[in-house]
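Subject: A structure for you, with notes

Hi,

I am handing a structure over to you today, and I hope you enjoy looking through it. The sequence and the model come just below, and my notes on what turned up follow them.

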Amino acid sequence: MPELPEVETIRHGLEHHVTGRTIASVTVLHPRSVRRHLAGPEDFAAVLAGRRVGAARRRGKYLWLQMGSDALLAHLGMSGQLIVGDPGLPVGPHVRARFTFTDAGPDLRFVDQRTFGHLCFDVGGAELPSAIAHIAPDPLEPAFDAERFAARLRARRTGIKRAILDQSLISGVGNIYADESLWRAKLHWDRGAGKLRRHDVMRLLAAIRAVFADAIGAGGTSFDSLYVQVNGESGYFSRSLSVYGRQGEPCPRCGALVIREKFMNRSAYSCPRCQRRPRLRERRDLP
Ligand SMILES: [Zn+2]
């Protein structure tokens, strides 16, 4: 599932390839991909035709294209891709929506094998689409308030990994970058959020920002063919992952073997030496 660095990489690609161009036509090939556009696929196509694309913006894992005071909002879900390419190429089976432009240049295709992603037109949403107003700022935004984040995190009675996956507390962090930033900060994923000291939270926040910056520099993480950049190329941050997906391999810092544990129907990867398992009094639910 694309997390902040992958969505940021796509945002950057859209800004390069689509901003400043005018949409000629929109074809919706699967109605599920515009299910949040309540007026339906025909209306979605009609309101976008003729619109000039402004800046590409992002909050957490959402991105949007500004169109005057309105926005075209996208969430990629599990497998969504936004691909800019030759308009003459055949339309593949997983293309859910296609945008052509008045300059007859490269088209934009929303490809989504599993159809958990979606697109919608958000009236008045250029600065912040109403559909995502409940999502917390992400840690790369100027609006992100570190002290407020620390206070809210420390008020939680839950494990720290579960807390940072909550998009209403901090947006953009998913399973991969949660494990990588907890490893960088030398914090075990099951430490109680309420048991952290302020400087632990600040160290974690610095680790999240650093891993995001490194991953954006590598064009994101591609584990399979589902995440690609707008030009169809993979990101290569998977080579730089320290613990995620690396059970049984040596920790790059201390050499202990990385372990994988069950976590909320998914996995948590950590180093058993660098990320000391919390003692009982450091667990989430004890006073
Ligand atoms: Zn280690």
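One definition helps before you start: rings of Phe, Tyr and Trp (its six-membered ring) count as a pair if their centres lie within 6.5 Å. Please also keep in mind that this is a predicted model.

**Aromatic pairs**

Searching the whole structure turns up 6 aromatic pairs. One of them is formed by F144 and F149, whose ring centres are 5.5 Å apart with 50 degrees between the planes, a tilted arrangement. F144 and F149 are both buried.

Another pair is made by Y177 and F212. Their ring centres lie 5.7 Å apart and their planes meet at 70 degrees, so this pair is edge-to-face. Y177 belongs to helix α5 (residues 175-184) and F212 to helix α6 (residues 198-217), so the pair ties together parts that are 35 residues apart in sequence. Y177 and F212 are buried too. With the definition above in mind, you can follow the ring pairs one step further: they link Y177, F212 and F237 into a cluster.

**Charges over rings**

Two arginines are worth a look as well. R21 places its charged end over the ring of F101, 4.1 Å from the ring centre. R253 does likewise with W183, where the charged end is 3.9 Å from the centre of the ring.

**Strand β4 and its partners**

Now for strand β4, which covers residues 70-75. Is this strand mostly enclosed or open? Of its 6 residues, 6 are buried, so β4 is largely enclosed by the rest of the structure. Each face is covered: D70, L72 and A74 are buried on one side, and A71, L73 and H75 on the other.

Which strands pair with β4? Strand β3 (residues 62-67) runs antiparallel to β4 and is joined to it by 6 bridges. In this pairing, W64 stands opposite L73 of β4. The two strands β3 and β4 make a hairpin with 2 residues between them, and in the turn G68 has a positive phi of about 60 degrees.

β4 also pairs with strand β8 (residues 118-122), again in the antiparallel sense, over 5 bridges. Here A74 of β4 stands opposite L119 in β8.

If you would like a place to begin, try the cluster of Y177, F212 and F237, and then go on to β4, with both of its faces covered.

Happy exploring, and best wishes

Key: Residues numbered from 1 in each chain as written. Predicted model: local features only at pLDDT ≥ 70, side-chain atom pairs only at ≥ 80, totals over all residues. Heavy atoms only, no water. Phe/Tyr/Trp six-rings, centres within 6.5 Å; stacked < 30°, edge-to-face > 60°. Buried < 20%, exposed > 50% of the residue type's maximum accessible area, 1.4 Å probe, protein only. Helix = DSSP H or I, 4+ residues; strand = E, 2+ residues; numbered from the N terminus. Lys NZ or Arg CZ within 6 Å of the ring centre and 35° of its normal. Pairing = 2+ DSSP bridges.
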